[in-house]
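Here is a short report on a predicted model. Look at the sequence and the fold first, then read on.

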Amino acid sequence: MAISVKLMNRPEPEQTSYLRAALSGMALTFRHLVNPSKVTQQYPEEPTDLSPRWRGTHRMEVHADGRPKCVACGLCPTVCPANCIRLVGGEDDQGNRYPIVYEIDEFRCIFCGMCQEVCPVEAIHVGQHFENAEYTRSRFVYDLDRLMEQDHPTTLLWDPSDPSSE
Amino acid sequence: MESLQPISGLWLLITMSLKVTIIFGLVVLVVAYSTLAERRVSAWIQDRRGPNRVGPFGLLQPVADGIKNLLKEETLPSTASRAFFVLAPMFVLVPSLVTFAVIPIAAPLPTPVGVVDMIIADVPIGILYVLAFSSLAVYGVVLGGWASNNKYAFLGGLRASAQMVSYEVALGLSLITVLMMSGNVTLTEVVWQQQQLGMWFAFPLSLAFILFVISAFAETNRLPFDMPEAESELVTGYHTEYSAMKFSAFMISEFGHMVTASALMATLFLGGWDLPGTWDDAFWHEGQLIKGFSQDGVAVLANPAWWKTVLTFCGFAAKTSFFMLLYIWIRWTLPRFRYDQVMALGWKVMLPTALAYAMLIGSVILVLDEVGIRWGFSYGLALTAVSGAATAGFIFFLDRGRTIIGAAGQSRQKVSISGISQPATAED
């Protein structure tokens, strides 16, 4: 394959002024100097905007009486590619299944969102939240109570402004 | 009753020690905050915000930097020349801080015990003292580069010596015109003559002003002349091997030189602490603080006041800050020159221009004195016209490929390749 070189039509030295170029450069930098709009985001003070599709920390939806919506069907630990969900299901007197143990290891999780997609009762969700620093590694295994306590918005998994992506 | 006598005796000692403490502290403070200003302004130019975490608006950042540099580990290369390696930062630091002593910073301050000059040492050698001490700094830079026993550091020191010596010539020669105008080398008299002329020397000596600013940039090793540091070529040049407070000393001295050079440019060409109008004029003439001379040559006494001192100090600070901003502004705009370009500019352009200009101004002064024009506004206007023509000529012959070529104009060689062929040679 032939390599073609693009010819730049540069002016001759007699037609370019170093001083004028330098001064126009200084004018440009001065405009930026006084321009109040800066690209830096002052993160801890200014909350950052997360995309509606952002997949972050999980949360478990609850019924009005405070029970988790999860029916311990076992689809999410099955579909989970990182194998980070531990689920032990139980059954009460009326035959309703519920999770006895439901743990998500946020370190192993790859935040693919497949647990949310697969959930038949819309119980487990990934959420628009990422500020989950802890002092110990063990705190990153979220148990059922912790997942139910989370109150950040859940992920839509698609962009509402682009319905074809659903 | 306030007396218009110069202060003397014990009070001289007291005011002198106060002045030394205050001005030295002020210079160090300004140096510390100019490091912050550099980082903030560079950030703003690049649409960032700059350091704003420590204290309100990041104002305590220099303190944090200082503490950090004090606590960091001092490294000493095993092959370095130990004594000179330790001495070099001091050699750079001291001259950059002591040069401020001869620069007047405000109008004289009247006190009940006499009039206090707002200058540490009004020595008769004035500018020569500044030139002598600022040249001493090059020894520190060269020593630092050589003692590090590092090739990059050595190259940086080598470049520093060549560059600073070359531009000192142009710097001194462009100063000659100022000295011819003021008739003296003390900076108080330079300010006084600008007050008497009714215009600042930047106008009647415009070309000297331009040459001085360019040379001052080169002398302080600031971009576009920062050959000794040249991060992209020499790591950081002469202070590559330095860490912690020794490195900090080099940085402080660089900014100290900038502050001193800014104050010097303000004093020599923008009237120092002088503000427009004659209300603040003051000068010691035969033991009296005078404001000027009447038409028949009788001295008119000045009436100093504390508010005049404060106002003129603000004026001086504003002018100095302008040049500091110019330093930072140009640094973040212009790319570095090539080393041979720096040398060519220094020896082939600046030196002959400064020499020719000194001769031109000398002859114009001679003519004006012979014609009998009084030292005053019309005298200044005549010189402004001559200097304006000289400046226009200088820029004409400097630019558009006659002496310096813009980056876009350097592609004389026409490259035309189709397919993989040999690279373009110089003859193409």
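Start with a hairpin in chain A. Five residues lie between strands β2(A) and β3(A). Among them is A:Gly95, which takes a positive phi near 85 degrees. The hairpin strands, β2(A) at residues 85–91 and β3(A) at residues 97–105, pair in the antiparallel sense. Seven bridges join β2(A) and β3(A). In one of these pairs, A:Arg86 has A:Glu103 of β3(A) as its bridge partner.

Strand β3(A) also pairs with β5(A), residues 141–142. That pairing is antiparallel too and has two bridges. Here A:Asp105 is matched with A:Val141 of β5(A).

The table sets out the strand pairings described above.

| Strand pair | Sense | Bridges | A bridge pair |
|---|---|---|---|
| β2(A) and β3(A) | antiparallel | seven bridges | A:Arg86 and A:Glu103 |
| β3(A) and β5(A) | antiparallel | two bridges | A:Asp105 and A:Val141 |

Now turn to chain B as a whole. Chain B holds twelve helices and five strands. Its C-alpha atoms fill a box of roughly 85 × 55 × 40 Å along the principal axes. Does the radius of gyration of chain B agree or disagree with a compact globule? It agrees: for 428 residues such a globule would have a radius near 22 Å, and chain B has 24 Å.

Buried residues account for 50% of the 428 residues in chain B. Of its contacts between residues at least 6 apart in sequence, 77% join residues at least 24 apart.

What does the surface of chain B offer? Chain B exposes about 19,400 Å², and carbon and sulfur atoms supply 70% of that area. Chain B carries 25 positive and 28 negative side chains. The centres of these two sets lie 10 Å apart.

Note on methods
Residues are numbered from 1 along each chain as its sequence is written. Chains are lettered from A and ligands numbered from 1 in the order in which they are written. This is a predicted model: local features need pLDDT of at least 70, side-chain atom pairs count only at pLDDT 80 or more; totals for chains, interfaces and linings use all residues. Side-chain values use heavy atoms; hydrogens and water are left out. Helices (H or I, at least four residues) and strands (E, at least two) are DSSP runs, numbered from the N terminus. The radius of gyration is taken over C-alpha atoms; the globule rule is 2.2 Å times the number of residues to the power 0.38. Buried means under 20% relative accessible area, exposed over 50%, partly exposed in between (1.4 Å probe, protein chains only). Contact means heavy atoms within 4.5 Å. Accessible areas come from the Shrake-Rupley method with a 1.4 Å probe; for residues, only the protein chains shown count as cover. Lys and Arg count as positive and Asp and Glu as negative; His and the chain ends are not counted. The place of a charge is taken as NZ of Lys, CZ of Arg, CG of Asp or CD of Glu. Two strands pair if DSSP finds at least two bridges between them.
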